[in-house]
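Hi,

Here is the model I promised to pass on. Have a look at it first, and my notes follow underneath.

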Amino acid sequence: MSDKPENSRRLEEVESLIERFPDVPAEAVFKEDLLRLGVSFSEDALRVCSGFKPKSYFIFSFDLRPITEMDQGENLRAPEELALVGGPRDFRRTIVSVRINPASAYCVDIVDGKLLLLVGTEVICGIELQETPEYYLRNLQSGRTITEIAPTIEWGYLVYLTVYRKCQYFGFKEECQFCDINENVRQQKEAGRPYDTVKAVEEVVEALEIINDADVERRTGAYTITGGSITRHLRGQDEAAFYEAYARAINSRFPGRWISKMVVQALPVDDVRRFRDAGVQIYHPNYEVWDPRLFSIICPGKEDYVGRDEWMARIVASADVFGPSQVIPNFVAGVEMAAPHGFEKVEDALASTGEGLDYFMERGITPRFTVWCPEPLSVLGRDQGPAPLEYHVGLLRLWRETLLRHKLPAPPGYGLPGIGNAVFSVSSFMDALPGDLEVARLSCESRVGAGS
Ligand code: SF4
């Protein structure tokens with residue numbers, strides 16, 4: 001492999017940010033860069049990776065190329081996550097979600113029998129992979145796999161239940177502009193992956209029986225119920241009733257077994273109470289982007305059906321139901337810099353996002369973020385690259401500084417904070433926290449009726 005000028009430039013940029021911001025772990029800087037740019041694999045590496053826990057496409061594609069442009073069949077052979085370890089920089093273990101990009105400067109390859117992460121010929125670190133868990137080897141009675149019904153991410157910590165794989169915000173006038181959920185269903189089905197649109201409640205519970213039975217070391221610590229928005233009805237139910245049924249069934253069958261999370265829209269407080277009474281402990285009413293003008297452009301469906309100010313007011317109101325530390329709205333870090341409407345300067349983007357962090361954190365609510373992946377089947381990802389790495393490093397510092405200034409603990413439901421401990425794989429917010437920071441305690445167990 002010859003070193004190309006773009007590879008040298010890539011490393012120069014990363015190294016200069018590591019030097020400028022020594023308070024951010026170097027591992028986290030590389031992780032953010034991998035998440036924004038994706039990773040490629042050599043054929044030899046794929047041969048090895050395909051024997052480990054596979055990428056499950058747990059909700060969106062989270063790739064920088066459509067499946068039709070993956071000439072090596074990466075969609076079926078790449079692993080769910082990479083652990084960055086050791087190497088010349090002596091990395092502490094850092095878990096990164098795999099976002100496939102055959103054109104990325106970052107490449108997983110085998111050199112001298114070792115699986116490594118490289119940029120050109122320069123070794124960044126070693127790579128470890130997660131063994132395929134025992135529960136992935138057992139199918140449901142219907143023949144469906146655990147990978148389809150109840151995949152795990154975050155190095156096996158989080159069971160991810162996308163129970164509705166589509167979104168009723170449909171088409172470019174309604175869909176969030178960074179999101180490829182509906183297009184991803186289409187491409188997965190075309191590629192032959194079993195990818196049912198709606199999962200049956202009974203099959204989700206059956207899959208969890210298998211996981212509970214096989215996971216004797218109790219590595220799975222939490223589950224998330226999620227899926228697309230339901231603006232009208234789905235199988236005769238509104239959004240709250242549809243998603244609540246899963247939480248109620250799981251928490252009745254497995255009271256207290258997992259931390260229970262729900263990622264759905266910011267709903268009226270009566271609906272939110274229903275989730276709590278069904279045993280949900282952590283509510284994620286994601287606001288995606290803080291700036292009011294950008295919210296209306298980037299989330300046109302949410303703007304039309306709910307409205308941005310009402311959305312934010314509902315987030316705050318839900319803190320009275322769950323307790324503020326158990327309301328954790330997500331935003332998509334970097335979309336506020338997407339052309340043609342986004343901020344052009346990193347400092348303006350951070351100022352806007354920081355305003356949102358202050359707004360919520362002074363109320364005890366801790367937003368968290370995922371790194372924007374410009375998925376080519378989404379509106380914003382069609383013809384542009386990601387936000388600058390400088391923005392992402394600046395955000396890690398800003399988020400941590402705001403959290404500590406408001407004297408808040410680490411958000412619950414993500415395992416331990418700190419580099420070498422964290423498992424959250426789609427941004428480094430947990431990696432960048434001090435390792436000895438207290439984690440917020442959950443106010444109640446995951447039991448049906450626990451909050452009422
Ligand atoms: S609400 Fe927006 S982000 Fe969520 S699934 Fe629908 S389009 Fe995607």
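The chain splits into domain 1 (5-128) and domain 2 (134-405), with bounds that come from an automatic or database domain assignment. Before you go further, note that this is a predicted model, in which local features need pLDDT of at least 70 and side-chain atom pairs count only at pLDDT 80 or more, while totals for chains, interfaces and linings use all residues. Residues are numbered from 1 along each chain as its sequence is written.

**Between the domains**

Taken over C-alpha atoms, the centres of domain 1 and domain 2 are 24 Å apart. Each side brings residues to the contact: 32 from domain 1 and 32 from domain 2. Contact here means that the C-beta atoms of two residues, placed from the backbone, lie within 7 Å. On the side of domain 1 that touches domain 2, the elements giving two or more residues are α1 (5-20) and α2 (26-37). Of these, α2 gives the most, with 7 residues. Element names follow DSSP runs, numbered from the N terminus: helices are H or I with at least four residues, and strands are E with at least two. By class, that side of domain 1 has 18 nonpolar, 3 polar and 11 charged residues. The classes are nonpolar for Ala, Val, Leu, Ile, Met, Phe, Trp, Tyr, Cys and Pro, charged for Asp, Glu, Lys and Arg, and polar for the others, Gly among them.

While you are looking at α1, pick out E13, which lies in that helix. E13 is partly exposed, with 15 other C-beta atoms within 10 Å. E13 and E390 are 377 residues apart in sequence, yet their C-alpha atoms are 8.8 Å apart in space. For the burial labels, a residue is buried if 20 or more other C-beta atoms lie within 10 Å of its own, exposed if 12 or fewer, and partly exposed in between, with C-beta atoms placed from the backbone.

**The core**

The largest nonpolar core has 135 residues, and A150, V204, A247 and M262 touch the most other members. This core lies between the domains, because domain 1 (5-128) and domain 2 (134-405) both give residues to it. A nonpolar core is a set of buried Ala, Val, Leu, Ile, Met, Phe, Trp, Tyr and Cys residues joined through C-beta atoms within 7 Å.

Two of those residues are worth clicking through. Leaving aside neighbours within four places in sequence, V204 is in contact with I149, A150, L161, V163, K199, Y246 and I250. A247 is in helix α8 (residues 239-253) and is buried, with 26 other C-beta atoms within 10 Å. With the same sequence neighbours left out, A247 is in contact with I225, S260, M262, F275, A278, G279 and V280. By contrast, E175 is 72 residues from A247 along the chain, and their C-alpha atoms are separated by 26 Å.

I230 sits in the loop between β9 (222-227) and α8. Despite the loop position, I230 counts as buried, with 22 C-beta neighbours inside 10 Å. Not counting residues up to four places away in sequence, I230 touches Q168, D238, E239 and F242. I230 and Q265 are 35 residues apart in sequence and 8.7 Å apart in space, C-alpha to C-alpha.

**A helix pair**

Helix α9 (residues 269-277) and helix α12 (residues 308-322) pack at an angle of about 35°, with their axes 10 Å apart. The contact is made by V269, V272, R273 and R276 of α9 and by A317, S318, V321 and F322 of α12. By class, that comes to 5 nonpolar, 1 polar and 2 charged residues. The axes are lines fitted to C-alpha atoms, for helices over the stretch in contact, and angles run from 0 to 180 degrees between N-to-C directions.

**Backbone oddities**

A cis peptide bond joins A339 and P340, with omega about 5°. P340 is in the loop between β12 (330-333) and α13 (346-361).

There are also positive phi values outside glycine to look at. D90 has a phi of about 55° and lies in the loop between β2 (81-86) and β3 (91-97). D90 is exposed, with 10 other C-beta atoms within 10 Å. For D112, phi is near 50°, and the residue is in the loop between β4 (106-111) and β5 (114-119). D112 is exposed as well, with 5 other C-beta atoms within 10 Å.

Cheers
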